[in-house]
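Trainee: I should like to learn how individual features of a protein model are read. May we work through some examples together?

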Amino acid sequence: MPPQSSADAGVPPQSPADPGLPPQSSADAGVPPPETPLARLAALHGVATSYSPSPDRTVAASAGAVVAALAALDVDASSPEAVRAALTARERQLGERLLPPTVVRWADGEPPAALSALPAGTRLRIETEQGEVRSTVEELPPGVHALRATAPDGRTAEAHLVVAPARLPAPPGRTYGLLVQLYSLLSQRSWGMGDLGDLAELTAWAGRALGAGFVQVNPLHAAVPGTPTDPSPYRPSSRRYPDPVHLRVEDVREYVYAASSPDDRDRLGALLERAARLRESVLAKGELIDRDAVWDLKREALELVRAVPLGPGRRAAYSDFLAEEGEALEDHATWCALAEVYGSDWQRWPTGLRDPRSPETARARGELMDRVDFHTRLAWLTDAQLGTAQRSARDAGMPIGLVHDLAVGVHPGGADAWAQQEYFAAGMSIGAPPDAFNSRGQDWGLPPWRPDRLAASGYAPYRRLLRALLRHAGALRIDHVMGLFRLWWVPQGQAPTEGTYVRYDADAMLAILVLEASRAGALVIGEDLGTVEPGVREALDARGVLGTSVLWFERDWDGTGRPLPPERWRANCLATATTHDLPPTASRLTCDHVDLRHGLGLLSRSLDEERAEAAADTGEWLALLARLGLLNGAGGGISSASEEAAIQAVHRFLVRTPARMIGLWLPDTIGDRRPQNLPGTWDQYPNWRLPIADATGRPVTLEDLAASPRLHALVEVLRDA
């Protein structure tokens, strides 16, 4: 995810109070009283006027941030007179309306409160997704239905009625799987970075040879092109469409026919030679993964492949894809074509092209139709290879298969922000508030969705996004899942401290999530690390959304502060030893991560102090592992507390917990010491550009991994369970 404060990267969970509630302690001096007109207006629009960085402290939100957040919701609060007028208008609007724009009906719940509050004698007319017409909300099929209410006095209201299953099903038994950043996993067939062919190979091998139940990958969302391209998978151009840089060019069916002429054959041969040199530069010469160089090669090859006419069956499949995706795909491909001409920030384009529905954009789309078709074709091919990877996983016996990752937001200059700009809050960015671990807060540079526009549309863009991601997934990981409840909005140009929380209708967001995941037969995993307000984890668990538990941060924070014994871990979670934002386990055990941060000037204390604290933290965990008999050969034949034995012991511990899913960070299987992302750095560290490597830093291919005794020994720890 975007560079995080420790609040989102696994520090002790806090229990912040609801920022929309009145102050809760005597430490609340300076918090504006909730009865002020501005506070009342803000509350009616879901904008907080205070927040709690810790359970015993409530802090007033910046008045400027509150006013700016309201302005982004088209509410003028720029003066006392404007506040009073807006408050009167909002209270009148809420008092007169019969229904909110979206109503939720859970299969196991009582009728929605909004319907119970309707005047006696109100008639309902419900047009279901299935084409039926009903007059009652009882026994409705799951879906997003059109609801119309007519009151006895003649008033009418229309709303979206979301009917969702009570909860998602539990995972099919206990299972373990691999966690990997796909770009980092090169094979002897890769063109300089891991691709979807490698992913299909990995799932087939992991399922058949290792008994793994899933493979979780980083977000495969389309990136914003540039020089250089932002390598972070958590700042995408589009979350709905995957990036064609992940394509295995040779696996495109038309590839074998692209070399029909001597000239094309020579060009493809030259591209393959350059791809081999690019691959070897990473694997043998210690160079970083160069996404731009990879894409330059693949784009040239794919231009040749596109020149091959599609057969009748392939043409029909492509036409079906175009019809199914409709305007959304046309918008995405149009943005890609326009970006080739005008650059990748649509806000700098000629004025008429900044509107996806303008006559100028329609004219430009026609003029660039060849390029638009190229990009729609790439979306189709990438979707097909994702489907192949998921089928490979299921054919290999994986009960879950691919676990895709949904980033928390999109780049402000990218395709989604252009095509769906009415759904984004102009002038605002999401991030994290200041807390005890990061006094400056954070600004991730990602525009937030407008909760009012989402609700008015029946959450249409959110539903379409989930459907796209779940199409080839057995599970979906949601980055910063707390964003379904609230997000920290920062006015552009202001410090992250000058932000405030804005609430979303969590009931509706969860209902849509459960509905779409149920339709896809998929699990959902929420990344709920760090500061989580009260009730969030309980609400997620009640709907079957699994949490995320990372070993080093599972401590008895409400009691002794010591490592949490395995029997006290929650069952409904994905349990791991580390994540992409944290040090690999070998680095954690040796405290190498402290030296790394020291070398980059990231420590706030002396090296000795930081190393002593890190060693004490690790020592407590190793002592617990020893007391449980996990370091002395129990169950695995390891008799010494070597690094490899300690990594095995860590995973034996995870097996002892009741966690339904256990994730094995693939670099841990060979002793890799380098984190894939080091929060708090930009160009000081090669974030998102490192290949998987062994303990000596030597890059390791997929073929090497398959033959690694160290990997197989660690996997046996999980398989034996």
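Mentor: The following turns take up helices, strands, loops and backbone geometry, one at a time. Please keep in mind that this is a predicted model.

Trainee: Let us begin with a helix. What do the ends of α3 tell us about its span?

Mentor: Helix α3 covers residues 80-96, which is 17 residues. At 1.5 Å a residue, a span of 24 Å is expected, and because the end C-alpha atoms are 24 Å apart, the model agrees with that expectation.

Trainee: Which residues of α3 are buried, and how do they lie around the axis of the helix?

Mentor: The general idea is that an α-helix has 3.6 residues a turn, so residues three or four places apart point the same way. In α3, the buried residues are Ala82, Val83, Ala86, Leu87 and Arg90. Viewed down the axis of α3, these buried residues fall within an arc of 130°, so they line one face of the helix.

Trainee: Against which element do the buried residues of α3 pack?

Mentor: They pack against α1, residues 37-44.

Trainee: Let us turn to strands. How many of the residues of β8 are buried, and with which strands does β8 pair?

Mentor: In a regular strand, side chains alternate between the two faces of the sheet. In strand β8, residues 175-180, 6 of the 6 residues are buried, so the strand is largely enclosed by the rest of the structure. One partner is β21, residues 661-665, which runs parallel to β8 and is joined to it by 5 bridges; here Leu178 has Leu664 as its bridge partner. Another partner is β9, residues 214-217, paired with β8 in the parallel sense over 4 bridges, where Val180 stands opposite Val217.

Trainee: What unit do β8, α5 and β9 make?

Mentor: With helix α5, residues 196-210, the two strands make a right-handed β-α-β unit.

Trainee: In what order do the strands of the open sheet stand, and which are its edge strands?

Mentor: The open sheet has 5 strands in the order β3-β7-β6-β4-β5, with mixed pairing. Its edge strands are β3 (102-106) and β5 (133-134), each of which pairs on one side only. Within the sheet, β4 (residues 123-127) and β6 (residues 143-150) run antiparallel and are joined by 5 bridges, with Leu147 of β6 as the bridge partner of Ile126.

Trainee: Now the loops. Is Ser184 buried or exposed, and what does it touch?

Mentor: Ser184 lies in the loop between β8 and α5. Because its relative accessibility is 2%, Ser184 counts as buried, the cut-off being under 20%. Beyond its neighbours up to four places away in sequence, Ser184 touches Ile289, Gln676, Leu690, Pro691 and Ile692.

Trainee: Where is His246 placed, and which backbone atom lies 3.1 Å from a polar atom of its side chain?

Mentor: His246 is in the loop between β11 (238-242) and α6 (262-283), and it is buried at 3% relative accessibility. The atom in question is the backbone oxygen of Asp243. Leaving aside neighbours within four places in sequence, the contacts of His246 include Leu182, Met193, Arg291 and Gln385.

Trainee: Finally, the backbone. What kind of peptide bond joins Thr227 and Pro228, and what is phi of Tyr459?

Mentor: Thr227 and Pro228 are joined by a cis peptide bond, with omega about -5°. Phi of Tyr459 is near 65°, a positive value in a residue other than glycine; Tyr459 is buried, with a relative accessible area of 2%.

Terms used. Residues are numbered from 1 along each chain as its sequence is written. This is a predicted model: local features need pLDDT of at least 70, side-chain atom pairs count only at pLDDT 80 or more; totals for chains, interfaces and linings use all residues. Side-chain values use heavy atoms; hydrogens and water are left out. Buried means under 20% relative accessible area, exposed over 50%, partly exposed in between (1.4 Å probe, protein chains only). A polar contact is a pair of N or O atoms within 3.5 Å; within protein, one must be able to donate a hydrogen and the other to accept it, and residues adjacent in sequence count only if both atoms are side-chain atoms. Contact means heavy atoms within 4.5 Å. The expected span of a helix is 1.5 Å times one less than its number of residues. The arc is that of the directions from the helix axis to the C-beta atoms. Two strands pair if DSSP finds at least two bridges between them. A crossover is right-handed if, with the strands pointing away from the viewer, the path from the first strand over the helix to the second runs clockwise.
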